[in-house]
Amino acid sequence: LSAHSAAGTALTFETTGSDIVLDNVNAGSASAVTLTAAGVLSDGNGGALNLTAGTTTLSAGSGIGTSADPVETALGTLSAKTTAGGIFVTETDALTLGTVTATGSGSDVAITNAGGDLRLGSVSARNQVTLNAGGSLLDDNGAALNISASGATVAAGGSVGTAGDALETSLTTLVSATAAAGGVFVANSTALTETAAQATGGDLSLTALGNLAVGQTTAVGRTV
């Protein structure tokens, strides 16, 4: 699929029985885009941008991108859903996630942005959630859950949550949490096993409603 629309013009495309292979869809940074694939929504142009838009909603029956070949985007806000398969997106700059859900058995969500903050609404997967932010990973939905999954790996060039507004999670395992220039602040709604967490330049706070099994935990020169 290749498409260009005038700035501010909404773009909607749906297939009822097949895949969508994305070449270059450019709707401008102020436009709303909705893409719905009955099958897979996949990258069709290698490492080049697949999608440029403002508010974007992606839906697929069998996956959005793959771990080896994510969908490359330049978006303002992203919501995405799959009923089978995972969600794999690489963003060029700051991004706000609305509701991102991979509901299929064993499905993962992996979202990376190269620069700027990654602001989290609700991100959920039956298996693993992986979030990598060039800036900070921040809560954008108040007291509601930010991440729900069996396990999660989160990393930020800035901080993971803040002292006044931790990321709210529902996890069995926090595989890894890393902040390169700030703190790590995570509040889990159930018992939690933490494997590794490191904050450089900020404090580290992990809380759980239930048992908290702590692995390798470091806050360089700060408080844990």
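**Salt bridges, burial and core**

Reader: Why is the pair R119 and D140 called a salt bridge?

Author: The closest N and O atoms of R119 and D140 are 3.1 Å apart. A salt bridge is a side-chain nitrogen of Lys or Arg within 4 Å of a carboxyl oxygen of Asp or Glu, so the pair R119 and D140 qualifies. This is a predicted model, in which local features need pLDDT of at least 70 and side-chain atom pairs count only at pLDDT 80 or more, while totals for chains, interfaces and linings use all residues. Residues are numbered from 1 along each chain as its sequence is written, and side-chain values use heavy atoms, with hydrogens and water left out.

Reader: What does the pair R119 and D140 tie together?

Author: R119 lies in strand β14 (residues 118-125) and D140 in the loop between β16 and β17, so the salt bridge ties together parts that are 21 residues apart in sequence. Strands (E, at least two residues) and helices (H or I, at least four) are DSSP runs numbered from the N terminus.

Reader: How many salt bridges are there by this rule?

Author: The count comes to 2. R222 forms a salt bridge with D203, with 3.4 Å between the closest N and O atoms. R222 lies in the segment after β22 (212-220) and D203 in strand β21 (residues 192-208), so the pair ties together parts 19 residues apart in sequence. Side chains of opposite charge can pair when their charged atoms come close.

Reader: Are R222 and D203 buried or exposed, and what makes them so?

Author: Buried means under 20% relative accessible area, exposed over 50%, and partly exposed in between (1.4 Å probe, protein chains only). R222 has 46% relative accessibility and so counts as partly exposed. D203 is partly exposed as well, at 28%.

Reader: Why does T82 count as buried?

Author: Its relative accessibility is 0%, which is under the 20% limit. T82 lies in strand β10 (residues 77-82). T82 touches, among others, A60, I64, I87 and T103, leaving aside residues up to four places away in sequence; contact means heavy atoms within 4.5 Å.

Reader: What makes G142 partly exposed?

Author: G142 has a relative accessible area of 42%, so the residue falls between the limits for buried and exposed. Its place is in the loop between β16 (137-139) and β17 (147-148). G142 touches D165 and E168, not counting residues up to four places away in sequence. G142 and D165 are 23 residues apart in sequence and 8.1 Å apart in space, C-alpha to C-alpha.

Reader: Which residues have the most contacts inside the largest nonpolar core?

Author: They are L41, L97, L131 and L137, in a core of 53 residues. A nonpolar core is a set of buried Ala, Val, Leu, Ile, Met, Phe, Trp, Tyr and Cys residues joined through side-chain atoms within 4.5 Å. L137 touches L131, V154, V160 and L167, among others, not counting residues up to four places away in sequence.

Reader: How do you know that the protein chain is as compact as a globular protein of that length?

Author: The protein chain has 0 helices and 22 strands. Its radius of gyration is 17 Å, close to the 17 Å that the globule rule gives for 224 residues, so the chain is as compact as a globular protein of that length. The radius is taken over C-alpha atoms, and the rule is 2.2 Å times the number of residues to the power 0.38. Buried residues make up 45% of the 224 residues.
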